[in-house]
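Here is a protein to get acquainted with. Take a look at the sequence and the model, and then we'll walk through them together.

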Amino acid sequence: MPERTIVMTLSSQAWRNTLRSALMLGVVLFASAWTLRYWQAWLYVGIHTAAIGFNTAYFLRHDRALLQRRLRAGPGAEPASSQRTIQLATALCLLATLVLAGLDHRRSGPGMPAVIVFVADGVLVLGLLVVFATFRHNSYAGSTVEVVAGQTVAAAGPYARVRHPMYLGSALAFLATPAALGSTYAWLGAVPATLALVVRLVDEERLLRAQLPGYAAYCTRVRYRLVPGIW
């Protein structure tokens, strides 16, 4: 297949995924709330869509191999059964987070002051920026847990502070979501989703230590897995 055709196919797939993600977020939130008068959800969907769209445009230009790896996502794409289970649990918890936020809004309307929502949106943006920085410094940061041919240890950028910066960014985004959507009950989904992320991290570390040359030595240089100075 000609290179130009391959690039166009990748671009089409990536932009379709971006649109699909935005539509899924919107449908779940607004259907659960049963109203479009939910400004917190509009802002949340807008932030996520802008972030995914920016990542798509940036990596189509600078790292198409990373984007190709990121397209293989979801529980069914995981090679290991343990990761399939963890991914499924995480996805269900995140879905519950969004549904609970929508139902909470339907039941009681705006549940938090606007200033808290905006602060949470700031934390959400920070988490998404950490994820972007992770992608920039690790072309092998795929959506599945595996070691591929030619993979090397990423140790620059955010990897100089913690061993799993993508999970740090994701955890910030997960935990900011309930407040960003103005919901207290949504933490019933967001906290378990974050705990599932930690389980995924620990399981991934076992694989990396066993299969990725140089990773064990990297762990001796960078002590913290997720939170600098803590763990």
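What follows starts with the whole chain and then visits a few places in it.

First, a word on the ground rules: this is a predicted model, with local features needing pLDDT of at least 70, side-chain atom pairs counting only at pLDDT 80 or more, and totals for chains, interfaces and linings using all residues. Residues are numbered from 1 along each chain as its sequence is written, and side-chain values use heavy atoms, with hydrogens and water left out.

Now for the big picture. The protein has eight helices and zero strands, where helices (H or I, at least four residues) and strands (E, at least two) are DSSP runs numbered from the N terminus. With a radius of gyration of 18 Å against the 17 Å that the globule rule gives for 231 residues, the protein is as compact as a globular protein of that length. That radius is taken over C-alpha atoms, and the rule is 2.2 Å times the number of residues to the power 0.38. Along the principal axes, the C-alpha atoms fill a box of roughly 55 × 45 × 30 Å.

How much of the protein is tucked away? Of its 231 residues, 44% count as buried, meaning under 20% relative accessible area, with exposed over 50% and partly exposed in between (1.4 Å probe, protein chains only). As for contacts (heavy atoms within 4.5 Å), residues 24 or more positions apart account for 79% of those with a separation of 6 or more.

Let's zoom in on helix α7, residues 187-211. Its 25 residues should span 36 Å at 1.5 Å a residue, and its end C-alpha atoms are indeed 36 Å apart; the expected span is 1.5 Å times one less than the number of residues. Among the buried residues of α7 are G189, A193, L197 and L208, and the buried residues of this helix pack against α4 (81-108), α6 (165-180) and α8 (215-221).

R200 sits in α7 too. Is R200 buried or exposed? It counts as buried, because its relative accessibility is 7%. Leaving aside residues up to four places away in sequence, R200 touches E78, Q83, I86, Q87, S143, T144, V145 and Y167.

For another stop, try T49 in helix α2 (residues 39-62). At 27% relative accessibility, T49 counts as partly exposed. T49 touches T18 and A22, again not counting residues up to four places away in sequence. The C-alpha atoms of T49 and A155, 106 residues apart along the chain, are separated by 29 Å.
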